[in-house]
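Please open the model in your viewer and set it to a cartoon display, with side chains ready to be switched on.

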Amino acid sequence: MTIDTTNLCSHLQKKLFEPVGIYYPIWQAMQNDEELTAVVRSRQLHIYRNGKKILVLAGKAQPKIIREDNLNELIKKII
């Protein structure tokens with residue numbers, strides 16, 4: 001999966017793409033799941049499964065869980 005990071009918050013980039021970042025396990029899980037897609041909107045990362053939004057990650061704000069999903073289990077461990 002590739003994401004256009006030009007409009008992605010710099011704090012979120014560090015949390016998501018660096019191995020020490022708190023969202024890095026989510027990034028790894030996204031790489032191995034064909035049903036997931038992600039879009040950058042308003043400097044946040046919106047994650048979808050089969051076209052339905054499940055999660056919104058922001059740089060400084062808390063993640064927003066939209067729908068129950070197994071990816072959210074990783075978020076619950078972080079929070």
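The tour below goes from the whole chain to one helix and its surroundings.

This is a predicted model, in which local features need pLDDT of at least 70 and side-chain atom pairs count only at pLDDT 80 or more, while totals for chains, interfaces and linings use all residues. Residues are numbered from 1 along each chain as its sequence is written, and side-chain values use heavy atoms, with hydrogens and water left out.

Begin by selecting the whole chain and colouring it by secondary structure, which shows three helices and four strands (DSSP runs, H or I of at least four residues for helices and E of at least two for strands, numbered from the N terminus). Followed from the N terminus, the elements run α-α-β-β-β-β-α. The radius of gyration of the chain is 11 Å, close to the 12 Å that the globule rule gives for 79 residues, so the chain is as compact as a globular protein of that length (taken over C-alpha atoms, the rule being 2.2 Å times the number of residues to the power 0.38).

Next, colour the chain by burial: 37% of the 79 residues are buried, meaning under 20% relative accessible area with a 1.4 Å probe, protein chains only.

Now select helix α2, residues 24-31, and show the side chains of Ile26, Trp27 and Met30, which are buried. Looking down the axis of α2, you will find its buried residues within an arc of 100°, so they line one face of the helix (the arc is that of the directions from the helix axis to the C-beta atoms).

Finally, add the elements that cover these buried residues, including α1 (10-17), α3 (72-78) and the strands β1 (36-41), β2 (44-49) and β3 (52-57), where contact means heavy atoms within 4.5 Å.

Note on methods
Buried < 20%, exposed > 50% of the residue type's maximum accessible area, 1.4 Å probe, protein only.
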